[in-house]
Amino acid sequence: MYLTKLVIFGAAAVLTSTSAAIGLALAPASAAGAWAGRKIVDGLPAHVFVLVVEAPG
């Protein structure tokens, strides 16, 4: 599926070498953020998680 997206975006000239390089450079930060978020959410009691999710913006 990801290969198909790459081909489509490349054919539509949406995916350039610059945007691909930026995406690859951001990948470690994205992975670290997902890991940290998971650790935080796993440590929250259920009632606190509900309060955080339902808090007004």
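Student: What is the relative accessibility of Gly 33?
Tutor: First, a heads-up: this is a predicted model, so local features need pLDDT of at least 70 and side-chain atom pairs count only at pLDDT 80 or more, while totals for chains, interfaces and linings use all residues. Residues are numbered from 1 along each chain as its sequence is written, and side-chain values use heavy atoms, with hydrogens and water left out. Now for Gly 33, which lies in helix α2; buried means under 20% relative accessible area, exposed over 50%, and partly exposed in between (1.4 Å probe, protein chains only). Gly 33 counts as partly exposed, and its relative accessibility is 42%.

Student: How many residues of α2 are buried?
Tutor: Helices here are DSSP runs (H or I, at least four residues; strands are E, at least two), numbered from the N terminus. The run called α2 covers residues 17-43. This helix lies largely in the open, because of its 27 residues the number buried is 0.

Student: How far apart are the end C-alpha atoms of α2?
Tutor: Start with what to expect: the span should be 1.5 Å times one less than the number of residues. For the 27 residues of α2 that comes to 39 Å. The model agrees with this, as the end C-alpha atoms are separated by 40 Å.

Student: Where in α2 is the kink of about 35 degrees?
Tutor: A bend at a residue is the angle between axes fitted to the seven residues ending there and the seven starting there. In α2 the kink turns up shortly before the proline Pro 28. The residue you want is Ala 27.

Student: Which residue forms a salt bridge with Asp 42?
Tutor: A salt bridge needs a side-chain nitrogen of Lys or Arg within 4 Å of a carboxyl oxygen of Asp or Glu, and a search of the whole structure finds 1. Here the closest N and O atoms are 3.7 Å apart. Asp 42 is exposed at 54%, and its partner, also in α2 and 4 residues away, is separated from it by about one helical turn. That partner is Arg 38.

Student: What is the relative accessible area of Val 7?
Tutor: Val 7 sits in helix α1, residues 2-11. None of this is hidden away: of the 10 residues of α1, the number buried is 0, so the helix lies largely in the open. Val 7 itself is exposed, at 54%.

Student: What accessible area does the nonpolar patch with Val 7 have together?
Tutor: Patches take residues with over 30% relative accessible area and no salt bridge, joining nonpolar side chains (Val, Leu, Ile, Met, Phe, Trp, Tyr) within 5 Å and like charges within 9 Å. This one is formed by Leu 3, Leu 6, Val 7, Ile 8, Phe 9, Val 14 and Leu 15. Areas come from the Shrake-Rupley method with a 1.4 Å probe, and for residues only the protein chains shown count as cover. Together the patch has about 680 Å².

Student: What is the radius of gyration of the protein?
Tutor: The protein has 3 helices and 0 strands. Its radius is taken over C-alpha atoms, and the globule rule is 2.2 Å times the number of residues to the power 0.38. That rule gives 10 Å for 57 residues, and the protein's value is well over this, so the protein is more spread out than a compact globule. The radius of gyration is 18 Å.
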